[in-house]
Amino acid sequence: MKVLVLGGDGFCGWPTALHLSATGHDVTIIDNLSRRMIDIELEVDSLTPIRPIHERLATWTEVSGKTINFINLDLAKEYDRLVDVLLSQKPDAVVHFAEQRAAPYSMRNSKAKRYTVDNNVSGTHNLLAAIVETGQDIQVVHLGTMGVYGYGWSGSAPIPEGYLTVKVPTPDGEIDREILHPANPGSVYHMTKTLDQLLFAFYAKNDGLRITDLHQGIVWGTSTPETALDERLINRFDYDGDYGTVLNRFLMQAAIGHPLTVHGTGGQTRAFIHIRDTVRCIEIALTNPPANYEQVSVFNQVTETHRVIELAQMISQLTGVEIALLPNPRKEAAENELNVTRERFLGLGLNPTTLSEGLLEEVRDVGKRYADRADLTKIVARSVWNKGMEVAPDLMK
Ligand code: NAD
Ligand code: USQ
């Protein structure tokens with residue numbers, strides 16, 4: 001299959017591009033390298049020493065004998081170039097990772113809010129409009145988020161895979177209707193993913209585009225069989241207060257002896273998936289597309305759910321590092337239930353990596369190995385959801 005990986009230089013996109021190439025697909029990465037620019041803006045760097053994109057690609061050819069092409073293109077701003085690329089490449093499928101994905105970054109200030117909305121919504125819409133303009137039947141697989149459903153809206157009721165059956169009262173009695181699960185985003189970033197969903201629903205209905213939307217949980221871990229082949233293929237590992245996600249942050253904090261930064265009571269329940277399973281899920285989604293004019297196919301791309309405090313306790317017990325309960329910089333429920341339906345990927349053969357299998361490996365092989373690259377002043381989260389919310393002080397000097 002000929003596949004364009006949009007956002008293929010990022011944390012999920014890079015290992016996916018390698019995995020698809022390794023399994024025989026013809027892969028081209030499209031990325032504007034904006035994530036690397038944001039590192040410069042925030043004065044942080046991946047804990048792991050990621051190499052420039054061309055060195056990454058040359059290494060892959062050296063190690064595997066396969067070629068991945070690269071096109072530097074801004075999906076949100078270079079529409080005409082995008083159309084030209086689709087016409088010249090004639091891909092069978094596009095995997096769309098190319099969005100600003102950090103909730104805290106999206107809440108920093110109005111500039112970051114506007115950038116996140118402009119980048120994510122325009123990028124997604126440009127892709128859909130370009131596919132229609134070229135008249136090609138290109139399958140779209142998009143990385144969405146569990147955060148579109150929100151947390152706690154339906155108590156402990158199972159969160160379905162995308163669609164909810166509701167009873168609509170009519171003068172002739174109730175009728176059943178299947179609707180997109182109500183959107184309940186918790187940040188400007190998550191809001192862009194709920195807007196993406198409407199764009200997908202429209203283009204699937206109006207133009208018959210074949211679209212799969214993967215509602216992914218928080219990705220943890222760093223390496224996949226392909227990124228582990230050579231240190232120059234190493235994946236990025238974000239640990240800072242904006243881009244670092246909770247479990248990877250705790251693993252890195254444990255490795256350097258930093259107190260584990262639990263926001264509030266840690267009663268927040270979230271969904272998780274290992275990066276190795278992310279790349280497998282993308283391949284499963286690519287090989288199981290919906291038909292033209294079928295509704296958008298939604299999968300919950302999640303393997304486990306945990307409370308933040310339980311994760312902290314688990315890692316504290318493994319490593320002896322203490323837990324710090326910090327003021328929560330986010331506006332979110334202090335505690336929530338999360339019961340996620342996740343039958344579709346399991347039904348298609350996903351065999352999940354569990355938390356217990358990979359935790360120590362991450363602390364040892366990534367956290368400790370690259371500990372000297374950590375900037376301790378970047379660990380505590382400083383982006384707040386509303387003016388006046390409290391920010392915790394640095395915990396290590
Ligand atoms: P990332 O920031 O590491 O990667 C995103 C990539 O997209 C970057 O390389 C960036 O340069 C590129 N990009 C952004 N805007 C672009 C544009 N306009 N044109 C071209 N390239 C652009 O993020 P990630 O963690 O790999 O996440 C990838 C996708 O998966 C995102 O859409 C995110 O919402 C989703 N997701 C991530 C997680 C997670 O825990 N990391 C969880 C659920 C969903
Ligand atoms: N949290 C802490 N301590 C920390 C960091 C986070 O307690 O040091 C808490 C947060 O307050 C939140 C939870 O952990 O309650 C999750 O935060 P996160 O930063 O790990 O995840 P989130 O902001 O939701 O975003 C991440 C990715 C995003 C993706 C989303 C999937 O950055 O791209 O969409 O996970 S999900 O959460 O399922 O919506």
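## Exercises on two sheets and a helix pair

In this predicted model, Val-94 has Val-140 in strand E5 as its bridge partner. Let us start from that pair and work outwards.

**Exercise 1.** Find how strand E4 and strand E5 run relative to each other, and place them in their sheet.

*Solution.* Begin with the two strands: E4 (residues 93-96) and E5 (residues 139-145) run parallel and are joined by 4 bridges. Next, widen the view to the open sheet of 7 strands, whose order is E3-E2-E1-E4-E5-E8-E12, with parallel pairing. At its edges stand strand E3 (69-72) and strand E12 (297-301), each of which pairs on one side only. Finally, look along the sheet: from one strand to the next, the twist averages 20 degrees.

**Exercise 2.** Work out which strands of this sheet are touched by helix H9, and which ones helix H1 lies across.

*Solution.* Take H1 (residues 13-22) to begin with: this helix lies across strand E1 (2-6), strand E2 (26-31) and E4, and runs at about 165 degrees to E2. Now turn to H9 (residues 275-286), which packs on the sheet and touches E1, E4, E5, strand E8 (211-216) and E12. The direction of H9 makes about 145 degrees with that of E5.

**Exercise 3.** Describe how H1 and helix H3 pack, and name the residues in the contact.

*Solution.* Start with the axes: those of H1 and H3 (residues 53-64) come within 12 Å and cross at roughly 25 degrees. Angles under 35 degrees count as roughly parallel, so that is the description for H1 and H3. As for handedness, H1 passes H3 in a right-handed crossing. The residues come next: H1 supplies Trp-14, Leu-18, Ser-21 and Ala-22, while H3 supplies Ile-53, Arg-56, Leu-57 and Trp-60. Sorted by class, the contact has 6 nonpolar, 1 polar and 1 charged residues.

**Exercise 4.** Explain why strands E9 and E13 each have one side without a neighbour in their sheet, then find the helices that pack there.

*Solution.* Write down the order of this open sheet of 3 strands: E9-E11-E13, with mixed pairing. Strand E9 (218-220) and strand E13 (304-307) are at the edges with a single partner strand each, so one side of each lacks a neighbour in the sheet. Neighbouring strands here are turned by 45 degrees against each other on average, direction ignored. E11 (residues 269-274) pairs with E13 in the antiparallel sense over 4 bridges, and Phe-272 has Glu-304 in E13 as its bridge partner. Helix H8 (residues 246-256) packs on the sheet, touching E9 and E11, at about 35 degrees to the direction of E9. Helix H12 (residues 355-368) lies across E9, E11 and E13, at about 55 degrees to E9.

Conventions: Residues numbered from 1 in each chain as written. Chains lettered and ligands numbered in written order. Predicted model: local features only at pLDDT ≥ 70, side-chain atom pairs only at ≥ 80, totals over all residues. Heavy atoms only, no water. Pairing = 2+ DSSP bridges. Axes fitted to C-alpha atoms, helices over the stretch in contact; angles between N-to-C directions. Contact = heavy atoms within 4.5 Å. Parallel < 35°, antiparallel > 145°, perpendicular 65-115°, else oblique. Left-handed = near helix turned anticlockwise from the far one by under 90°. Nonpolar A, V, L, I, M, F, W, Y, C, P; charged D, E, K, R; others polar.
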